[in-house]
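The following exercises are to be worked with the sequence and the model at hand. Each task is followed by a solution in steps.

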Amino acid sequence: MALKDVKPTRSELIALKKKIKLSERGYNILKMKRDGLILEFFKVLEDAKESRGALAEGYERATGMIAMANTVEGSIRVKAAAMAVKEKPQITLKEKNIMGVVVPEIESSAVKKSVTQRGYGVLGTSAVIDDTASSFEDLVDAIIQAAEIETTMKRLLDEIESTKRRVNALEFKVIPELSEARDFIKMRLDEMERDEIVRLKKIRAKTQAK
C-alpha cells in the first residue's frame, strides 16, 4: 500500500484498524491451521514409511516367486493359471476430510482370494503357483494402501505450502503495510491537530489584541 494513496482521515484510520484486526485474526487462524496440518503430515509420513517398506518387500517377494514358478511350472502354465482368474479386484474411491483437506479413502475387494476363487484347477498346479498368486495379491493390496497414503501426504503437503504462503503474506506484507498506513494517518492527524491548535491560538491572540 503506497502511503501517497492513503487518505489521512479519521474514517480511514478506523477502517484500517478494522482491517488490521481482521488480518491479525486471520493470521492466527491460518498459523494454527498450518501447525495442525504439519502434525497430521508427520503422522501420515510414518504410515508412508511403513507402506513403502511393505511395498518394496512385497515386490521383491512377488518377483522372486514368479521367477521360481516359471522355473518349476514353466511360463506357459504360469500364464494359464493367471488367465484363469476371473474375478478382478474392485476399487471404491471415497473421500475424507483432514483439517479442511479432502483426501482419498480407498476401499478394495476381491484382492485376496482363496485357492478355489482363483479359477485355475487345484489338481493341475503345484503349491508354488498358489504361493505366487498369494504374493501378487499381497503386492496389489500394498499398492492400494500406498496409493491412498502417498496421495494423502501429497495433498497435505500442498495445503501446508499454500497455507504457509498466506501466513507469510499476512505477516510480512499485509499487516506491516496496513500498520504503516495506520501510523502515517495517526501522524498526519496529530500534525493537523497541532496546526489547528496553533491557528486557533493566533486567531485568539489577534482577537485579544484588538
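**Exercise 1.** Which residues does phenylalanine 41 touch, not counting residues up to four places away in sequence?

*Solution.* The model examined here is predicted. Step 1: leave out the residues up to four places away from phenylalanine 41 in sequence. Step 2: list the remaining contacts of phenylalanine 41, which are Met153, Leu156, Leu157 and Ile160.

**Exercise 2.** Determine which residues make up the largest nonpolar core, and which elements supply them.

*Solution.* Step 1: the largest nonpolar core has twelve residues, namely Leu37, Phe41, Val44, Leu45, Ala48, Ile98, Val101, Val103, Ile149, Met153, Leu156 and Ile160. Step 2: at least two residues of this core come from each of helix 1 (10–72), strand 2 (101–109) and helix 3 (127–209). Step 3: helix 1 provides the largest share, five residues. Step 4: a second, separate core comprises nine residues, among them Ala81, Ala84, Tyr120 and Ile129.

**Exercise 3.** Describe how strand 1 and strand 2 pair, and examine the hairpin they form.

*Solution.* Step 1: strand 1, residues 90–98, runs antiparallel to strand 2, and the two pair over nine bridges. Step 2: within this pairing, glutamate 95 of the hairpin stands opposite proline 104 in strand 2. Step 3: two residues lie between the strands of the hairpin, and methionine 99 adopts a positive phi near 50° there.

**Exercise 4.** Identify the salt bridge that lysine 43 makes, and relate the pair to helix 1 and to accessible area.

*Solution.* Step 1: side chains of opposite charge can pair when their charged atoms come close. Step 2: the side chain of lysine 43 meets that of glutamate 40 in a salt bridge of 3.7 Å, N to O. Step 3: because lysine 43 and glutamate 40 are three residues apart in helix 1, about one helical turn separates them. Step 4: lysine 43 is exposed, at a relative accessible area of 52%, whereas glutamate 40 is partly exposed, at 22%.

**Exercise 5.** State how many salt bridges the model contains, and analyse the pairs formed by glutamate 177 and by arginine 182.

*Solution.* Step 1: the count comes to 15 salt bridges, with a cut-off of 4 Å between nitrogen and carboxyl oxygen. Step 2: glutamate 177 and lysine 173 form one of them, at 3.0 Å, N to O. Step 3: since these residues, glutamate 177 and lysine 173, are four residues apart in helix 3, they are separated by about one helical turn. Step 4: glutamate 177 is partly exposed, with a relative accessible area of 25%, and lysine 173 is partly exposed, with 48%. Step 5: arginine 182 and aspartate 183 meet through their side chains in a salt bridge of 3.2 Å, N to O. Step 6: arginine 182 is partly exposed at 24% relative accessible area, and aspartate 183 is partly exposed at 41%.

Methods. Residues are numbered from 1 along each chain as its sequence is written. This is a predicted model: local features need pLDDT of at least 70, side-chain atom pairs count only at pLDDT 80 or more; totals for chains, interfaces and linings use all residues. Side-chain values use heavy atoms; hydrogens and water are left out. A nonpolar core is a set of buried Ala, Val, Leu, Ile, Met, Phe, Trp, Tyr and Cys residues joined through side-chain atoms within 4.5 Å. Buried means under 20% relative accessible area, exposed over 50%, partly exposed in between (1.4 Å probe, protein chains only). Contact means heavy atoms within 4.5 Å. Two strands pair if DSSP finds at least two bridges between them.
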